[in-house]
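Please open the model in your viewer and keep the sequence panel beside it. The tour below goes from one selection to the next and says what is found at each stop.

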Amino acid sequence: MEFLLLVVGLLFGTVLIVGVGERIRLPYPILMLVFSALAASLPFVPDVHIEPDLILPLFLPPLLFAAAQRSSWSVFRLRWRSLVLLAVLLIIATIAAVAAVTWWLVPAIGLPLAIALGAIVAPPDPVAVEAIAAKVSMRRRLLTVLQTEGLFNDAMAIVIFQTAVTATVNHGQIGWDVAPRFLVGAAGAVLLGLAMAWIVGALNRFVPNLVARSAATLVAPYAVYILAEVIHCSGVVAVVVTAVELGRRARPQDSEERLTRRAFWEVLELLTTGVAFGLVGIEMRSVVGAEGANLLTFVPGIAAICATVVLVRFVWMYAMYRIGGTERREKTPGSLKEVVVLTWCGMRGLATLALALALPATLADGSPTPGRNFVVAAAASVLAVTLVLPGLTLPGLMRVLNLPDDHAAEQHAQRALALRAERVALEAMRASPAAEKLPEERRKALARRMSSLHSILEADYAEDPEKMLKLKAVLAAMDRVQRDALEAARREMLAARNEPGTDPELVDRVLRRLDMRTVTLDQ
């Protein structure tokens, strides 16, 4: 009951903190973390903890799914260099650097546990990046790189962490089977994600209830994540693939479902993010309380590890900048200012805390795990340094750096997509057989209405029964023509969403307006 009350309190707290964050222009996830950590120290707040093994399965699938829905296969094809350099190679480099520093400063914990610590603090959190970096005035190109990195970097870190923990518990060594395990697990997760997307698509065609179809998208990420973990594949990759493939399979006629699902996921993502960061704050406060007597002795080593995490990311981003960026079309990062921004946005979060708390307290022989307290304290410190500090200062940093704004280019791209949709809608309207049955003045009025997609048809007939019947027939024909035209426009936008170089979020904005126009047609 205490845990249930805590969750309800965090839900209400999320709603309140969102309002506070908008008023003081700070990201609500960081405020939620700080306030929950402070509240946890109050005497009347119960000392409640969630099992470490449940943190990732409870929160990671829906939040990953929500973030991945805003991407597409075309983005991955275009940003594959970023994906390899940041989500794989940078993770390995960070793990190696942190493990080396830890083993040098605290040799008593052993190399396998030092590698486990590196895996814990290496991956930037996709939830943090999506919730914080997306709320500031950041160029779409930079945000897309961060989002792509955040979707996949947990996969490599979790595999190395599991291998290192096994070696630690059994007094063994880490073998070279990590790479093939990761590749096999990722390949299996891709197949599993594609299969889950097909199952959800078939279920949507079978179930007529709109709400039930939206609910299926909540069940799917949990189901595919748990199934992937059971068969020793990457649950992270499986969830991302499921979300992206469902986006690819979207149908033009699903306008009402898209609107319902979008509203459903906006509410779910906000509340889940708030509760997750609230629990992170409470657990961080518990870690500090449990390790209070040892924290002073840990300070030199923890400071070195925090510096290593930030420095490795900065050096990596700078090397990408000097070598020539990650993409052939547009250099990323393209300036020292962008190097600073991408470094500052390497925020650790949910995965870091969950993995740290999941470290076993004892070894296979029953003896205490040497250095576990240091590892947990170091993980919490890295989380604070890379999440709380950047989260509170990122808006100010963006103002100080004054990076060139691509708002005009974004508007231009969105306008081009809208015009493209309008052109196809007009062509479909003129080619529609139903349009030939309309009076000339109605066809002209419909053309004007379709050209703007916002004018409202007004009847100018008197209350005469015969004329009203004719009017209803005309209006029904016009609705059919408009629906055909809007469906063609939506089909064109869904095709554009999967084209290389097209920003899926800009397409979604145009598609949302087309969907809204479709569901608000006069009946």
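**First stop: the end of H5**

Select Leu-105, which at 37% relative accessibility counts as partly exposed (buried means under 20% relative accessible area, exposed over 50%, and partly exposed in between, with a 1.4 Å probe and protein chains only). This is a predicted model, in which local features need pLDDT of at least 70 and side-chain atom pairs count only at pLDDT 80 or more, whereas totals for chains, interfaces and linings use all residues. Residues are numbered from 1 along each chain as its sequence is written, and side-chain values use heavy atoms, with hydrogens and water left out.

Leu-105 is found in helix H5, residues 80–105; helices (H or I, at least four residues) and strands (E, at least two) are DSSP runs, numbered from the N terminus. Now add Gly-301 to the selection: its C-alpha atom is separated by 6.3 Å from that of Leu-105, although the two residues are 196 residues apart along the chain. Leaving aside residues up to four places away in sequence, Leu-105 touches Gly-301 and Ala-304, where contact means heavy atoms within 4.5 Å.

**The whole chain**

Zoom out to the full protein chain, which has 20 helices and zero strands. Of its 523 residues, 52% are buried, and among contacts with a separation of 6 or more, 81% are accounted for by residues 24 or more positions apart. The accessible surface comes to about 24,100 Å², of which 65% belongs to carbon and sulfur atoms; these areas come from the Shrake-Rupley method with a 1.4 Å probe, and for residues only the protein chains shown count as cover.

**Inside: H15 and an aromatic pair**

Select helix H15, residues 350–357, where eight of the eight residues are buried, so the helix is largely enclosed by the rest of the structure. Its buried residues include Leu-350, Thr-352 and Leu-357.

Next, show the aromatic rings, since the structure holds seven aromatic pairs (rings of Phe, Tyr and Trp, the last by its six-membered ring, pair if their centres lie within 6.5 Å; planes under 30 degrees apart count as stacked, over 60 as edge-to-face and the rest as tilted). The rings of Phe-298 and Phe-374 have their centres 5.4 Å apart and their planes at 85°, so this pair is edge-to-face. Phe-298 lies in helix H13 (residues 295–323) and Phe-374 in helix H16 (residues 372–401), so the pair ties together parts that are 76 residues apart in sequence. Both Phe-298 and Phe-374 are buried. For a further ring selection, take Phe-65, Phe-264 and Trp-265, which ring pairs link into a cluster.

**Charged side chains**

A salt bridge is a side-chain nitrogen of Lys or Arg within 4 Å of a carboxyl oxygen of Asp or Glu, and by this rule the count comes to 17 salt bridges. Begin with Glu-266 and Arg-262, whose side chains meet in a salt bridge at 3.4 Å, N to O. The two are four residues apart in helix H12 (residues 255–290) and are therefore separated by about one helical turn. Glu-266 is partly exposed, with a relative accessible area of 46%, and Arg-262 is partly exposed as well, at 36%.

Stay in helix H12 and select Glu-257, which is buried, with a relative accessible area of 5%. Its side chain makes a polar contact with the side chain of Arg-213 at 2.9 Å (a pair of N or O atoms within 3.5 Å; within protein, one must be able to donate a hydrogen and the other to accept it, and residues adjacent in sequence count only if both atoms are side-chain atoms).

Then move to Arg-420, whose side chain meets that of Glu-492 in a salt bridge at 2.8 Å, N to O. Glu-492 lies in helix H19 (residues 465–497) and Arg-420 in helix H17 (residues 407–431), so the pair ties together parts that are 72 residues apart in sequence. Arg-420 also forms a salt bridge with Glu-499, the closest N and O atoms being 3.2 Å apart. Glu-499 lies in the loop between H19 and helix H20 (504–519), so its pairing with Arg-420 in H17 ties together parts that are 79 residues apart in sequence.

The last charged selection is Arg-139, Arg-141 and Glu-338, which are linked in a network of salt bridges.
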